[in-house]
Amino acid sequence: MNARAGAALSCAVICLGAWGCGEPARSQRSVEEIADEYLAAYLVRFPETGTLFLLPGARHDRLIDNTLPALAAWQAREDAWLAELE
């Protein structure tokens with residue numbers, strides 16, 4: 001994993017935590033549930049992260065799929081999470 005991916009993960013966790021400090025989210029799910037889903041999906045999208053941070057249960061046999069369809073799918077998921085948090 002490169003520094004950019006690590007920074008993205010850190011920013012996402014900080015932002016999700018900050019959004020949880022204000023008024024309750026309109027979503028039926030809590031910010032923690034969305035953050036847990038994001039992290040699980042992030043580790044699937046960027047499997048090198050689990051190896052880099054020695055996460056328990058991480059798979060060490062995959063690399064990121066950098067194809068345009070995979071990137072578009074990931075961005076759509078990010079947009080859905082953001083919409084759920086707004």
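Helices are taken here as DSSP runs of at least four residues, numbered from the N terminus, and by this convention T51 is found in helix 3, which spans residues 48–52. The model described is a predicted one, and the account below moves from the chain as a whole to the packing of two of its helices, then to the aromatic residues, and finally to T51 and L54.

The chain contains 4 helices and 0 strands, and from the N terminus on its elements follow the order α-α-α-α. Of its 86 residues, 24% count as buried. The area exposed by the chain is about 6000 Å², of which 62% is supplied by carbon and sulfur atoms. When contacts between residues at least 6 apart in sequence are considered, 57% of them join residues that are at least 24 apart.

Helix 2 (residues 31–45) and helix 4 (residues 68–85) have axes that come within 11 Å and cross at roughly 170°. Because of this crossing angle, helix 2 is roughly antiparallel to helix 4, the cut-off for that description being an angle over 145 degrees. On the side of helix 2, the contact is made by V31, I34, E37, Y38, A41, Y42 and R45, while helix 4 contributes A70, L71, W74, R77, E78, W81, E84 and L85. Sorted by class, the residues in the contact of helix 2 with helix 4 comprise 10 nonpolar and 5 charged residues, with no polar ones.

Several of the residues named in this contact, including Y38, Y42, W74 and W81, also belong to an aromatic cluster. This one cluster is formed by Y38, Y42, F46, W74 and W81, and a search of the whole structure finds 7 aromatic pairs. One of the pairs joins Y38 and Y42, whose ring centres lie 5.9 Å apart with 35° between the planes, an arrangement classed as tilted. Y38 and Y42 are 4 residues apart in helix 2, and are therefore separated by about one helical turn. Both Y38 and Y42 are buried. A further pair links Y42 to F46, with ring centres 4.5 Å apart and planes at 40°, so that this pair, too, is tilted. Y42 counts as buried because its relative accessibility is 1%, and F46 is likewise assigned to the buried class because its value is 16%, the limit for that class being under 20%.

In helix 3, T51 has a relative accessibility of 37% and therefore counts as partly exposed, a class that lies between the limits of 20% and 50%. Apart from its neighbours within four places in sequence, T51 is in contact with A58, R59 and H60. The C-alpha atoms of T51 and D61 are separated by 9.5 Å, the two residues being 10 residues apart along the chain.

L54 is found in the loop between helix 3 and helix 4. The phi angle of L54 is near 55°, which is a positive value in a residue other than glycine. With a relative accessibility of 69%, L54 counts as exposed, since that class requires a value over 50%.

Key: Residues are numbered from 1 along each chain as its sequence is written. This is a predicted model: local features need pLDDT of at least 70, side-chain atom pairs count only at pLDDT 80 or more; totals for chains, interfaces and linings use all residues. Side-chain values use heavy atoms; hydrogens and water are left out. Helices (H or I, at least four residues) and strands (E, at least two) are DSSP runs, numbered from the N terminus. Buried means under 20% relative accessible area, exposed over 50%, partly exposed in between (1.4 Å probe, protein chains only). Contact means heavy atoms within 4.5 Å. Axes are lines fitted to C-alpha atoms, for helices over the stretch in contact, and angles run from 0 to 180 degrees between N-to-C directions. Angles under 35 degrees count as roughly parallel, over 145 as roughly antiparallel, 65 to 115 as roughly perpendicular and the rest as oblique. Ala, Val, Leu, Ile, Met, Phe, Trp, Tyr, Cys and Pro count as nonpolar, Asp, Glu, Lys and Arg as charged, and the others, Gly among them, as polar. Accessible areas come from the Shrake-Rupley method with a 1.4 Å probe; for residues, only the protein chains shown count as cover. Rings of Phe, Tyr and Trp (its six-membered ring) pair if their centres lie within 6.5 Å; planes under 30 degrees apart count as stacked, over 60 as edge-to-face and the rest as tilted.
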